[in-house]
Structure formats: structure tokens, C-alpha cells
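Subject: A structure handed over, with notes on what was found

Dear colleague,

I am passing on the structure below, together with some notes on what was found in it. Please keep it open while you read, so that you can look up each place as it is mentioned.

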Amino acid sequence: MRRSVRDSRSLARPYRDLVWLAYLVLPPSAGEERRLVLAHRLAAAALARHRGRDQARLRRTVLRRALRARILPWSGRLARLEVVPATTRGADAAFTEELMALRPGARAAYALLRLEGRPAGEVATILAGARVTDPGGALAEVAALEGRFGDGAAAMFRPSSDPTLARCYGRLPGGRPRARMVAGAAAAALAAAVTVAVTVAVVFGTPEVVAVGAASEPPGPAVVSAAPGAWRRGTELDLSTWEPRGALTGDAALVGRALRAWGRRTGQLLYAGRVDGAAVVLARDGEQVARYTEAGGPGRLEVFPAPRARPGGAPPLTLRVTAAGSRYLVPPWVRELSAAPLAGRSPAWRPVRIEGGVTAPVTVPVPAAGGRCLRGPMLRLRAPEIAPGLPYTMLDLGGISPAEARYRPPEGGPLDGFSVWKGLGCAAEWPAGGAEVAAAWEFWRGALPEGARGRWICLRLADARGGSVVRGVLFSTAPGRTSALRTGGRSGTWDCSRLRRDVVAGAWWRAPSGRHYYVAAGSRGVARITLDGRTAPGPYAVTRTRVAALSAASEPGEEVAVLR
């Protein structure tokens with residue numbers, strides 16, 4: 001039975017992901033051409049065999065076969081066609097070289113974690129199911145690699161060659177390359193050379209074939225657009241329901257340049273227009289969003305994890321940031337937006353004009369010279385047609401979209417968290433790549449030594465990939481002065497989330513007199529705190545002696561996470 005066109009398209013993304021997984025795992029010593037052909041064969045065979053489309057099972061199958069592959073040496077001199085992956089991100093050659101130097105299991109972890117956007121726990125499960133030794137070590141190798149390339153590496157760097165976009169070169173007798181090749185001949189030759197891979201790939205919509213030569217041009221990209229008002233006809237208010245906006249959505253050349261710079265043959269168009277003197281294109285492909293900008297020179301491409309739909313409200317997308325301020329593309333259902341800087345005693349909200357889904361520039365005060373304080377902006381959005389229609393607050397931390405801002409007061413405390421966010425703006429370390437959710441939990445408030453008052457905050461920043469960092473900050477107030485003290489942190493944990501509701505923090509704190517005290521405090525569920533074996537009733541303890549160990553327990557006797 002022939003597959004319908006709709007069924008074929010629904011399998012295009014899984015096929016491409018499987019090709020990427022196999023291609024990265026296969027040994028680099030085999031050469032790009034042989035890895036490309038075998039990657040497509042493995043992906044096609046797996047899809048043909050597993051018609052139930054169990055995604056985890058598909059990946060385990062492809063991964064096991066790629067890990068076991070033994071590729072014999074081959075010169076390729078007698079072949080009439082050379083098929084190699086297209087180089088789409090030449091600037092990432094150094095990153096690609098280091099990526100391919102990792103163990104095969106780590107390269108598989110990278111494909112699942114970054115190219116597919118799967119959570120680390122799910123990646124570890126898939127790796128273990130494919131009999132990869134030490135899945136945790138494989139994930140650690142990926143983290144170490146990205147750490148060497150600096151903050152934001154997970155979003156900014158990608159393999160420089162794309163195995164789903166093939167370049168074909170014909171050879172004359174004797175192995176000399178043919179100067180030109182038309183697309184039709186290239187496709188026919190590729191079909192003869194790759195057999196099973198291309199036979200199945202034609203059904204699934206990949207790979208795309210680009211002929212190379214002085215007189216040839218790649219075919220135009222296929223742009224996907226949501227219908228106007230699509231968000232009204234479904235229950236999933238995510239990016240897939242955003243209709244394209246902007247005055248340049250009909251500029252096929254501009255959109256084509258954006259997609260080719262991204263190495264994509266297709267993508268969902270979200271925006272194309274002129275913003276503060278530059279042509280800007282926003283496009284989405286699965287779990288990624290690309291922002292392409294042309295401002296009088298070569299185009300600039302930035303790739304980010306796609307923000308997910310949040311129960312607290314969908315975020316806008318940042319179109320452009322200039323000296324005039326930040327402009328955002330708001331969700332099509334948002335009707336009102338106000339902005340306020342993290343300054344003053346209370347938020348000074350001012351309405352921001354929205355035209356065609358694009359906001360007027362949003363400006364914030366410039367920090368003093370040498371200052372590193374986050375000044376916002378804070379954004380308040382309202383979508384009256386989406387129940388319950390209440391405003392929701394977001395905080396621009398950089399990246400492609402602002403973070404959902406959540407404040408959790410202490411038991412019985414006021415709900416207004418503006419003073420906390422303002423204080424954290426100068427006290428916390430903010431990630432360069434932004435965050436999806438920023439949650440400030442004031443887990444303790446009370447008296448400190450020498451008449452001072454304290455507020456202890458656990459700041460949790462979660463990104464779109466499922467990663468997280470947690471930071472502890474102690475605000476202390478003495479007559480006429482409030483100061484902030486960073487008190488440790490952790491990453492990749494459940495701390496300060498609904499999955500781990502109790503926390504304790506400890507730090508050396510300087511009192512107004514200049515004396516130093518070791519103070520420790522915990523959330524409401526902390527029953528006792530232990531300092532070097534000496535137990536104090538929780539949730540607060542203080543000492544002036546040297547402290548080497550801090551631990552805490554809840555009322556049922558369970559150990560509590562410690563920030564120190």
C-alpha cells in the first residue's frame with residue numbers, strides 16, 4: 001500500500017533526526033561520503049522495519065547498528081559520483097573537529113541532546129538501551145565540550161556539515177571531477193549510488209540534493225506558514241500556531257537566504273520585515289528558532305532553542321536589540337504589553353504600542369559605568385481572549401525570548417516580588433544565553449545577629465533544554481543599608497522546584513559591627529540544621545566558630561539539599 005503524502009511528511013523529521021544520529025556516531029575515519037551513505041541506509045532501514053514509530057526504539061536500533069558498524073577502507077576512485085554532506089556552517093569547523101574527537105557515545109548524546117532537544121534523563125535512557133557504556137559520562141563529555149566554547153555554546157554552535165543536505169559531484173573516467181552537474185542528473189546518479197537510502201528517502205522527504213557547478217543554483221526553500229488565526233482552532237498555543245507577520249513575508253529571496261544560512265531547506269516562517277533599519281527573518285524548525293539579520297553587510301544568523309508554551313503565558317520573541325531599545329514579536333493572541341525597568345521602589349509600568357505584532361522599542365536605564373546589574377526590562381503581557389485573561393510577567397535575560405518570572409514569598413509574606421527581582425538584578429549571576437523560567441523563592445525571612453534582618457532567596461533559572469542552575473542570595477538589612485551576599489549554588493538538580501520543596505543555605509556573614517558569623521537557614525519544612533555535628537533546631541542557626549560541614553533534615557528525617 002502506498003503511503004499518503006501526509007504520512008510521508010509526518011515521517012520527514014524522524015528520518016532526518018535518525019540520519020544525524022547515525023552520521024555523528026559512525027567513525028570519522030570512514031570519510032564523509034561513506035558515513036553519509038551508510039547513515040541514510042541505517043535510518044531508512046530502521047523506519048521501514050519499525051512501522052509503529054516508537055521514537056525511542058528507533059533511536060536505539062540506529063544507535064546500536066551505528067556503534068557496531070565496521071567500515072572497510074575504500075578509495076572511491078571507480079565511482080561515477082561523489083556524494084558528500086553540504087557545508088552549512090563553515091565558522092563552526094573548530095567545534096565540529098572537537099565534537100568528532102569525542103567518544104561515539106558522547107557524539108550520540110550530543111545528537112539527542114542538542115540536535116533533537118531531548119532532556120538529559122531521556123538521553124541517558126536511550127543511550128543505556130543502546131548498550132552505550134557510561135551514559136552519564138557521555139553527557140559530561142558534551143557539557144565539557146560546550147564549556148570550552150563558552151557561555152551560550154549549546155545554542156550558538158552546530159556541526160559544520162549537514163548529512164541531510166547532499167552535494168553531488170560527477171566524475172569523468174580516471175577520477176577527474178566533472179565541472180558541472182544539473183540537478184536532475186545529480187538526483188538520478190544519487191539514486192543509483194545510494195539505492196535503499198534514496199528509495200526510502202524520496203518517500204520521507206529527505207535528503208535534499210543540491211547540484212554544484214558554476215552555472216547551477218540550488219532549488220528554492222519550502223516555507224511553511226500557519227494559517228491566520230490558527231491559534232483559535234486548537235488547544236496548543238505554541239509557535240506552530242503563529243501566523244507569519246511582517247511586510248517582507250513575500251520576499252522569497254530574503255527568506256531563502258535566511259534558510260540557506262541556517263542550512264535548512266524548509267522551515268516555518270514566523271516573521272520577515274524591516275526592524276530599525278535591518279531586514280529580520282524569524283524561522284522555526286522543530287525545537288529550534290533562527291534569527292537572521294541583514295543590516296547593510298553579510299547576513300548574521302543566530303540559532304536558539306525554541307521557547308515552549310508555558311502554563312503561565314507564552315513569551316514574545318526578540319526581533320532586534322539596538323541603542324533605541326528592544327523590539328519584540330508578541331504571540332498573535334497578546335493584545336496588551338507594558339514594560340518597567342528594575343529600578344525604583346515599585347515597578348513604573350508604561351504601556352508599549354504594538355503594531356502588526358511588533359512592539360515599539362522598549363528601553364531600560366543604562367547601568368552606571370562598570371556596573372553589571374541587570375536592569376530588565378520586566379514585561380507584563382495580557383491576552384484577554386485566553387482564560388483566565390490575567391496579566392503575566394516576564395523578565396528579559398537575553399536570548400531569543402524573555403523568561404517567565406515567578407516569585408514565591410515566604411509563608412504568609414506579601415506577593416509583591418519586585419524588590420526581590422530588583423535586588424537580584426545586581427546580586428545574581430545571569431546566564432549569557434537567557435532562560436525560559438526565572439523563579440525566585442524567598443524561603444526564609446527573619447532576624448540576623450546584631451539586630452539585622454534577613455531575606456534568603458533561592459533563584460532557579462531553567463532553560464528550554466531542561467537544564468537548570470540554582471543560586472542562593474542572602475539580603476541583609478541594617479539601619480540605612482541593604483546588602484546582598486551570594487551563598488552558593490548548584491546546577492542540573494531539582495533544588496527549589498516543585499520536585500524538591502525544601503532547601504537550606506549557609507554562609508559567613510559580616511554584621512554591622514564588622515564581626516563575622518556563620519549563619520544557616522532553611523525553608524519551612526527544615527526541622528533541624530547540623531553544624532559540624534552540633535544540631536540546632538531549624539530552620540535557623542548561627543555560630544562564630546569555624547564550620548566545616550553543614551547538613552539539614554526535614555521533619556520526616558529526610559536529607560535536605562544544601563546551598564553553600
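A cavity, in the sense used here, is a set of grid points where a 1.4 Å probe fits but cannot get out. With that in mind, and remembering throughout that this is a predicted model, a search of the whole structure finds four cavities of 30 Å³ or more. The second largest cavity holds about 80 Å³ of space, and of the ten residues that line it, Arg16, Asp162, Thr164, Gly263 and Arg264 are the closest to its centre. Two elements, α2 (12-25) and β2 (161-170), each supply at least two residues of this lining, and β2 gives the most, with three residues. If the lining of the second largest cavity is sorted by class, five residues are charged, three are polar and two are nonpolar.

Next comes the chain as a whole. The protein chain has 564 residues, of which 49% count as buried, and its secondary structure comes to 13 helices and 28 strands. When contacts between residues at least 6 apart in sequence are considered, 61% of them join residues at least 24 apart. The chain exposes about 26500 Å², and carbon and sulfur atoms supply 52% of that area.

The sheet deserves a slower look. Nine strands form an open sheet with mixed pairing, in the order β12-β11-β15-β16-β17-β18-β19-β20-β21. The strands β12 (350-351) and β21 (481-491) stand at the edges with a single partner strand each, so one side of each is left without a neighbour in the sheet.

Within this sheet, you may like to follow strand β19, which covers residues 453-462 and is mostly covered, as eight of its ten residues are buried. On one hand, β19 is joined by ten bridges to strand β18 (residues 437-447), and the two run antiparallel. In that pairing Val437 stands opposite Ala462 of β19, and Ala438 stands opposite Leu461 of β19. The hairpin of β18 and β19 has five residues between the strands, and Glu450 takes a positive phi near 60° in it. On the other hand, β19 also pairs with strand β20 (residues 468-478), again in the antiparallel sense and over ten bridges. Here Arg460 has Val470 in β20 as its bridge partner, and in the hairpin of β19 and β20, with five residues between the strands, Gly466 takes a positive phi near 100°.

A further pair of strands shows how side chains can alternate. In strand β26 (residues 540-543), which way do the side chains point, and which of them are buried? Ala541 and Thr543 point to one face and are buried, whereas Tyr540 and Val542 point to the other face and are not buried. Strand β23 (residues 516-522) is joined to β26 by four bridges, and these strands run antiparallel; in this pairing Val519 stands opposite Val542 of β26.

Two single residues complete these notes. Leu563 has its place in strand β28 (residues 561-563). Is Leu563 buried or exposed? With a relative accessible area of 0%, Leu563 is buried, because buried means under 20% relative accessible area. Leaving aside residues up to four places away in sequence, Leu563 touches a set of residues that includes Cys458, Val470, Gly472, Thr487 and Val504. Its C-alpha atom is separated by 9.7 Å from that of Ala520, although Leu563 and Ala520 are 43 residues apart along the chain.

Pro409, by contrast with a residue in a strand, lies in the loop between β17 (403-408) and α13 (418-427). With a relative accessible area of 17%, Pro409 also counts as buried, because the cut-off is under 20%. If residues up to four places away in sequence are not counted, Pro409 touches Pro414, Leu415 and Glu442. Pro409 and Ile457 are 48 residues apart in sequence, while their C-alpha atoms are 9.4 Å apart in space.

With best wishes

Terms used: Residues are numbered from 1 along each chain as its sequence is written. This is a predicted model: local features need pLDDT of at least 70, side-chain atom pairs count only at pLDDT 80 or more; totals for chains, interfaces and linings use all residues. Side-chain values use heavy atoms; hydrogens and water are left out. On a 1 Å grid over the protein atoms alone, a cavity is a set of points where a 1.4 Å probe fits but cannot get out, and a pocket is an open set with protein on both sides within 12 Å along at least five of seven lines; lining residues have an atom within 4 Å of a point. Grid points are joined across faces, edges and corners, and a volume is the space filled by probe spheres set on the points. Ala, Val, Leu, Ile, Met, Phe, Trp, Tyr, Cys and Pro count as nonpolar, Asp, Glu, Lys and Arg as charged, and the others, Gly among them, as polar. Buried means under 20% relative accessible area, exposed over 50%, partly exposed in between (1.4 Å probe, protein chains only). Contact means heavy atoms within 4.5 Å. Accessible areas come from the Shrake-Rupley method with a 1.4 Å probe; for residues, only the protein chains shown count as cover. Two strands pair if DSSP finds at least two bridges between them.
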